[in-house]
Amino acid sequence: MNEQIPYFRQRLQEKLPPMRYEHSLGVSYTAMALAMRYEYDLDKAELAGLLHDCAKHYNDAEIIKKCRKHEIELKDAELKAPAVLHAKYGAWLAERRYGITDPDVLSAIRWHTTGRAGMTTLDKIIYIADYIEPRRDKAPDLPRMRKMAFEDLDLTMYAILEGTLLYLKKKGGTVDPMTNEAYEYFKKLTSPGR
Ligand SMILES: [Fe+2]
Ligand SMILES: [Fe+2]
């Protein structure tokens, strides 16, 4: 176990609303279960899961302001759909305020909202754990996704991204181009005769 985990937990509990903290623990434990299944490093999975929403308690305007203050580049698509920005700012906070140096952990936090083409194993584990953790109850098709997550990470990524894009389309929300790229990537990767 990473010795800093109890300290990070305490710090997050002070900052995040109770349900968000519960969710962070849920993602952390689910990420470790997936790491066991896919023979990935448990410590990295735990840490990335715990910290993935470390910037989620800020609202969109605050995050934009903080990104500008710290000269974190903002793309037009991110300004149009700023809900995804807590991942980008979260990775910055994890590095600068929590002292995380592991690039794999920082990457998993960075990409947990949009996904991206060529996601690493930990990127996928955190993205999926965020969707299926036990406290979640609103996402569609949860029982199927939860089962699939322990069978095939790429197929699960494809299924979640497909559902997310459909939902955003129906809602008329702006889609970050990274999500489209991630979808195309996993579609190709998981299609028969690849
Ligand atoms: Fe998040
Ligand atoms: Fe989350």
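**View 1. D53 and H86 are both buried in this predicted model.** Start with the pair itself: D53 counts as buried, and H86 does too. D53 sits in the loop between α3 (42-51) and α4 (60-69), while H86 belongs to helix α6 (residues 85-96), so the pair ties together parts that are 33 residues apart in sequence.

**View 2. Three residues hold the iron ion (ligand 1).** Coordination comes from D53 through OD, H86 through NE2 and H112 through NE2, at 2.1 Å. Read along the chain, these donors to the iron ion (ligand 1) show the spacing D-x32-H-x25-H.

**View 3. D53 is shared by two iron ions.** Here D53 forms a bridge from the iron ion (ligand 1) to the iron ion (ligand 2). The two ions lie 3.4 Å apart. D53 is also the bridging residue that we met as buried in the opening view.

**View 4. C54 has no disulfide partner.** What is the closest cysteine sulfur to that of C54? It belongs to C67, and at 12 Å it is too far for a bond, because a disulfide needs the two sulfurs within 2.5 Å. C54 has 1% relative accessibility, so it counts as buried.

**View 5. C67, seen from its own side, is in no disulfide either.** For C67 the nearest cysteine sulfur is that of C54, 12 Å away. With 0% relative accessibility, C67 counts as buried. Across the whole structure, the disulfide count is zero.

Terms used:
Residues numbered from 1 in each chain as written. Chains lettered and ligands numbered in written order. Predicted model: local features only at pLDDT ≥ 70, side-chain atom pairs only at ≥ 80, totals over all residues. Heavy atoms only, no water. Buried < 20%, exposed > 50% of the residue type's maximum accessible area, 1.4 Å probe, protein only. Donors = N, O, S within 2.8 Å, 3.2 Å for Na, K, Ca; no water. Helix = DSSP H or I, 4+ residues; strand = E, 2+ residues; numbered from the N terminus.
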